[in-house]
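Trainee: Before we start, could you show me the model and let me ask how each term is justified?
Mentor: Here it is.

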Amino acid sequence: MASDIRVDTGQQEHMDAQMGSTNMNSEAPLSPPAAEVTSFFTPINLILLSLFAVLLYMRIRPSKAAATLPQAPPATVFKVFTPPQLIPYSGLNNMPVYLAVRGHIFDVTSGRNFYGPGGPYANFAGRDASRGLACGSFDEDMLTEDLQGPLDKLEDLGGEEMEALRGWEERFNEKYLVVGKLVPVGHSEAEADEKKV
Amino acid sequence: MRPGTPSPELRTVSPWSSEDSFNGLNTQSATTGEVGGQPPPPYRARSLGAVDTQAVRDRPVFRHTSDHRGWIQSTTSASRPQDVRHPRTILSNRSDPRRDVEGQHALDNRATEAEDANAEDHISEERRKQLFMDRSVGKRGEWDWLEDRRDNDPRYHPATEESHRDMVEMLERLDAQLATLLSQWSVTTTLLALVIVAVVAYPIIYPSDPDTHPLLLARQTSAAPIRNKGSSAAYRSPEVPYGTQLRSGLNVRDVGAPRWASGKDGDIRDIWREVTRGGSSGEDGKPIPTGLIMTILGRDEVVEHKVEDLTREILVIGRHLSEAGVKRVALYLPNSVEYLLTAFACAFYGMSPVLLPYNQPHVKVYELINSTGADALICAAGNLPLDDAAEACKNLKLLTWVVEKTSRHMDWNGVPDSADDHLKVSVWHDVVAEQKGTGATDLPTNDQCPPLAPIISVWQPVDPDIQPTITTFTHQNIVAATAALITTIPLRQRLTPADLILPADGFTHTYILCQTFAALFTHASLAISSVAGPGVDLATASRSISPTIIIASAETMASLHAKETAALTSMTGKLGKYTHSQAMSAGRMPTDSLVFRLLAPSSSSAGNTPGKLRLILTSERLGAKTPFLTSTMLSDLRLFTRARICYALTTAAVAGAVAQSNVFDYRTEAGDGRSPFGAPISSVEVTLTNEDERALEGVMPRGQVVVRGPGVSGGETRLVGVRGQMGGDGTLRIFDV
């Protein structure tokens with residue numbers, strides 16, 4: 001039964017068979033160096049070694065690219081508008097919502113529910129809203145009809161109305177961004193209309 | 001064939017095939033038949049004492065089938081699967097060696113009975129012989145259909161199904177292989193397994209977070225949402241976003257004012273007043289810390305100055321200068337305490353200090369004195385020849401020598417004859433000494449002081465032949481820059497009273513001057529060294545002290561980098577540098593573990609106690625043709641000096657700096673250009689202008705750099721000779737044109 005692991009010559013086997021006992025000690029000096037070498041590179045050791053190498057590489061390798069934030073939207077360009085140029089900015093056709101108060105044009109797209117299409121103050125979008133805000137009315141007759149004409153000077157409004165307008169302007173300044181300036185058609189600062197293709 | 005249905009080709013024997021009713025007992029004999037449908041008779045509890053084993057053995061054994069037959073008498077009569085014997089073995093009367101009828105436990109009656117019944121199976125001897133003969137010729141018996149069904153039923157013989165057999169074989173093979181694999185487990189394997197567990201568990205047990213959140217470095221400036229045509233949006237520090245005011249001063253409150261009162265901007269006088277408040281108790285009862293002001297003399301000597309003595313000197317010198325009727329005081333001194341005292345004295349007495357660059361050729365100095373219109377000169381003794389100076393600078397009314405201790409035995413009071421009528425020569429220490437007991441030590445209040453006069457700074461490139469830029473800064477410019485430089489560094493790394501700050505560059509540069517004022521204002525300790533200047537060796541400058549913060553010039557850092565890179569030759573040093581770079585790119589400053597203290601490059605360059613130096617502030621002087629620092633150089637310098645480094649962009653017309661890199665930003669970029677400068681400081685805002693609109697669209701505009709704000713002389717200036725670009729992460733990048 002123990003004879004299958006023997007590497008001796010037949011003589012040794014014969015002797016041992018004669019002695020009637022298994023003699024493991026005679027094999028010991030022959031195999032230790034081979035045994036130690038083989039015992040290090042056993043499959044389990046190799047598997048663990050490769051696993052260790054992989055883990056070490058993953059620890060030491062250079063890290064990935066740095067974290068980035070998504071880009072902020074680019075800044076709006078400050079433009080000079082005339083009333084006909086301002087009309088398209090009423091929220092329709094995916095345009096932003098602008099309105100003008102005393103020559104300053106505010107970007108009220110964040111208040112689209114009020115000033116955008118279908119909102120209660122939709123009349124103001126893309127128009128000069130100064131008179132309407134001063135008088136506290138959203139009627140059509142508060143808006144300047146003639147877009148090619150001069151801007152509404154608000155001369156006939158009293159002190160109370162101007163006070164109200166100032167209050168509205170303050171609120172707008174705190175809440176919304178000034179993105180442009182309103183000048184009448186033919187003004188020196190007026191920019192040429194963009195050519196529509 | 002479904003289990004439960006008999007084979008169609010065999011004779012069907014089932015309870016339903018007979019005419020008897022379902023519930024009735026079947027006509028099949030009790031030995032071979034099925035009783036059908038009925039539950040087995042109840043099991044009588046065994047009696048204690050003598051057991052009638054024969055009666056027990058004779059009891060019929062039932063088993064339950066899952067098909068329509070229900071409980072049937074068990075023909076193979078095995079209650080346990082391992083007792084199921086193949087029907088072929090039933091024919092022999094050979095007794096089962098597993099069976100030990102007499103020795104079985106009394107509770108095991110059913111099993112015993114089953115085995116007994118199994119052995120006999122209620123088949124008579126002749127019948128058994130007949131069946132054997134039939135089977136040997138291949139004749140199928142009446143119950144063979146049952147045996148076939150049992151053979152094919154996977155519930156009885158699961159291992160004999162084809163696919164199952166393969167899988168079982170594979171699993172058994174796998175199991176055997178695994179067993180052999182694991183049987184070779186040895187000591188080395190245990191060690192390897194422990195090492196792997198350690199490698200996996202170490203980052204879990206000792207996690208290391210980056211110094212700052214990486215997303216904070218991903219967007220370092222705040223851009224205005226609106227821009228004019230031809231220029232980009234205004235980029236500002238996140239401390240002062242669009243819609244808020246840029247930082248314009250030190251927020252100085254009067255002594256008696258309540259805590260919530262908003263402070264005034266203040267000026268340079270308030271900086272010294274804050275220094276004098278050190279040591280007294282503050283508004284909330286806590287004592288205000290005192291910052292030390294010390295001078296490093298030579299190799300070993302460190303002289304500490306008392307704040308009261310310095311205050312007295314300021315008042316004395318100021319009075320001395322104002323009594324001479326001078327308006328502009330030129331300073332041609334190396335870094336010294338007298339330099340700072342003159343600057344404060346000019347602030348209190350309404351005079352303009354003219355900050356001249358040191359170590360220039362004499363002719364150049366005379367030129368500068370004349371072109372700035374200075375009428376007083378405070379000069380280090382022996383630096384300028386008196387006769388030539390008096391000859392060249394006819395406007396000078398007062399010349400004060402600052403004499404070092406070793407030369408005080410000489411008489412410096414001599415005046416050349418040619419200039420005797422208009423030039424007065426005095427000696428600093430004499431002036432201070434003769435008024436020692438008499439002068440008051442209280443600083444005058446702002447109403448008692450004459451109106452403030454601007455500070456004139458001379459921005460000289462490295463080449464003395466190039467014309468310098470002379471800039472006039474108001475007190476507000478200087479103070480706004482000082483406040484912005486204090487708050488640019490996040491709170492964790494800010495100047496504290498526990499810091500020792502060493503300016504290793506001349507005070508002529510407003511960046512150094514403003515950082516020194518910042519140190520004084522925050523009650524940090526200040527160490528002034530006269531060898532400080534552009535290009536000084538850091539080890540020389542910090543000889544007998546161990547500073548925590550060093551303000552150095554770019555030339556110093558570039559030469560330090562070159563020296564240390566050349567010294568780094570060993571493999572272990574390079575490996576240590578590589579590992580530290582990995583830690584830095586993960587956002588952490590590398591720590592000095594024991595291993596790397598042995599391996600890493602020696603940081604002998606600055607500070608006598610390695611590791612205590614925590615911050616180096618270095619600046620790029622635009623237009624001065626100084627060597628600039630690339631991103632990789634800065635990263636290497638962080639490793640060599642073990643300190644964080646801030647790289648600031650400075651220019652002639654802006655007090656302090658235009659932009660300063662984030663103290664926690666350790667990211668490296670490849671390239672030979674200047675390292676990115678980070679966000680603008682809070683006293684200025686930066687805009688980029690370009691004729692080409694397309695270069696300004698998008699979030700990375702490029703063009704000429706325009707700087708505006710309270711820190712800029714004249715309100716607005718344009719950086720000449722360079723182009724700027726705003727990086728995707730909000731850092732300002734400068735390229736030479």
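Trainee: How many residues does each chain give to the contact between chain B and chain A?
Mentor: Chain B gives 34 residues and chain A gives 33 residues, where contact means heavy atoms within 4.5 Å. This is a predicted model, in which local features need pLDDT of at least 70, side-chain atom pairs count only at pLDDT 80 or more, and totals for chains, interfaces and linings use all residues. Residues are numbered from 1 along each chain as its sequence is written, chains are lettered from A and ligands numbered from 1 in the order in which they are written, and side-chain values use heavy atoms, with hydrogens and water left out.

Trainee: What makes A:E191 and B:K229 a salt bridge?
Mentor: Their side chains meet at 4.0 Å, N to O. A salt bridge is a side-chain nitrogen of Lys or Arg within 4 Å of a carboxyl oxygen of Asp or Glu, so the pair A:E191 and B:K229 counts. Between chain B and chain A the count is 1 salt bridge.

Trainee: Why is B:T221 called buried?
Mentor: Its relative accessibility is 8%. Buried means under 20% relative accessible area (1.4 Å probe, protein chains only), so B:T221 counts as buried.

Trainee: What makes B:T221 and B:G730 a polar contact?
Mentor: A polar atom of the B:T221 side chain lies 3.4 Å from the backbone oxygen of B:G730. The rule asks for N or O atoms within 3.5 Å, one able to donate a hydrogen and the other to accept it; residues adjacent in sequence count only if both atoms are side-chain atoms.

Conventions:
Buried means under 20% relative accessible area, exposed over 50%, partly exposed in between (1.4 Å probe, protein chains only).
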